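Student: Please pick one part of this model and take me through it up close, along with whatever sits around it. I work at the bench, so plain talk suits me.

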Amino acid sequence: MVSVVQNVAIDCADAYGLARFWSAVTGCPLHPQDKPGDPEVQVLPAEGPVLYFNQVPEAKTVKNRIHLCLRPQTSREREVERLLGLGATLVTDRRNPDGSGWAVLADPEGNEFCVLRSESDRAVMTS
């Protein structure tokens, strides 16, 4: 027997607000019954685990031990710019002059995540 990952739980101060950010990031809808002020809100990908936002009283204090890594459908550079426009902040730039590497961003509540190279970015490097 094995276990299946049901969801990725993210503690936060504003479950609905942070879920809306991640809904915009992923292009996936919120659960249809979720509304502003709810202490638990879900982002529902077509496949893979649910992103589950759980409102907690304590603030984030240290670096995440687990984080999401995103592989954009557009170029990494365009996706980083789009995410910054949605309210993310650049934490660490690990992009290299040769096109390799990644960017570490944080969501509006400071949770770190990475933006990797897209498949098209990777194809350019191998051709």
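Tutor: What follows starts with one helix and then moves through its surroundings.

First, some housekeeping: this is a predicted model, where local features need pLDDT of at least 70, side-chain atom pairs count only at pLDDT 80 or more, and totals for chains, interfaces and linings use all residues. Residues are numbered from 1 along each chain as its sequence is written, and side-chain values use heavy atoms, with hydrogens and water left out.

Our part is helix α1, residues 15–26. Helices here are DSSP runs of H or I with at least four residues, strands are runs of E with at least two, and both are numbered from the N terminus. The expected span of a helix is 1.5 Å times one less than its number of residues. With 12 residues, α1 should therefore span 16 Å, and its end C-alpha atoms are indeed 16 Å apart. Right after α1 comes G27, which has a positive phi, near 75 degrees.

Now for what α1 hides. Its buried residues are A15, Y16, L18, A19, F21, W22, S23 and V25, where buried means under 20% relative accessible area, exposed over 50%, and partly exposed in between (1.4 Å probe, protein chains only). As background, an α-helix has 3.6 residues a turn, so residues three or four places apart point the same way. The cover over those buried residues includes the strands β1 (7–12), β2 (40–43), β3 (50–55), β4 (68–70) and β7 (112–115), plus helix α2 (76–86).

Three of those strands deserve a look of their own. The open sheet has 3 strands, ordered β1-β3-β2, with mixed pairing; two strands pair if DSSP finds at least two bridges between them. β1 and β2 are the edge strands, each pairing on one side only. On average, neighbouring strands in this sheet are turned by 20 degrees against each other, direction ignored. The β1 and β3 pair is parallel and runs over 6 bridges, with V8 standing opposite L51 in β3. Helix α1 packs on this sheet, touching β1, β2 and β3, and its direction makes about 5 degrees with that of β2. For such angles, axes are lines fitted to C-alpha atoms (for helices, over the stretch in contact), and the angles run from 0 to 180 degrees between N-to-C directions.

L68 gives another view of these surroundings. It belongs to strand β4 and is partly exposed because its relative accessibility is 23%. Leaving aside residues up to four places away in sequence, L68 touches V8, W22, L51, E112, F113 and C114, contact meaning heavy atoms within 4.5 Å. Its C-alpha atom is separated by 19 Å from that of A13, 55 residues away along the chain.

Next, the cysteines. The structure holds 0 disulfides, a disulfide being a pair of cysteine sulfur atoms within 2.5 Å. For C69, the nearest cysteine sulfur is that of C114, 4.3 Å away, which is too far for a bond. C69 is partly exposed because its relative accessibility is 44%, whereas C114 counts as buried at 8%.

Finally, the charged pairs. There are 7 salt bridges in the structure, each a side-chain nitrogen of Lys or Arg within 4 Å of a carboxyl oxygen of Asp or Glu. One of them joins E119 and R71 at 3.7 Å, N to O. E119 sits in helix α3 (residues 119–126) and R71 in the loop between β4 and α2, so this pair ties together parts 48 residues apart in sequence. E119 is exposed at 53%, while R71 is partly exposed at 36%.

Helix α2, part of the cover over α1, has salt bridges too. R76 and E77 meet at 2.9 Å, N to O; R76 is buried at 4% relative accessibility, and E77 is partly exposed at 35%. E77 also meets R95, at 2.5 Å, N to O. That pair links distant parts of the chain, 18 residues apart, with E77 in helix α2 and R95 in the loop between β5 (89–93) and β6 (103–106). Through shared partners, salt bridges join R76, E77, D93 and R95 into one network.
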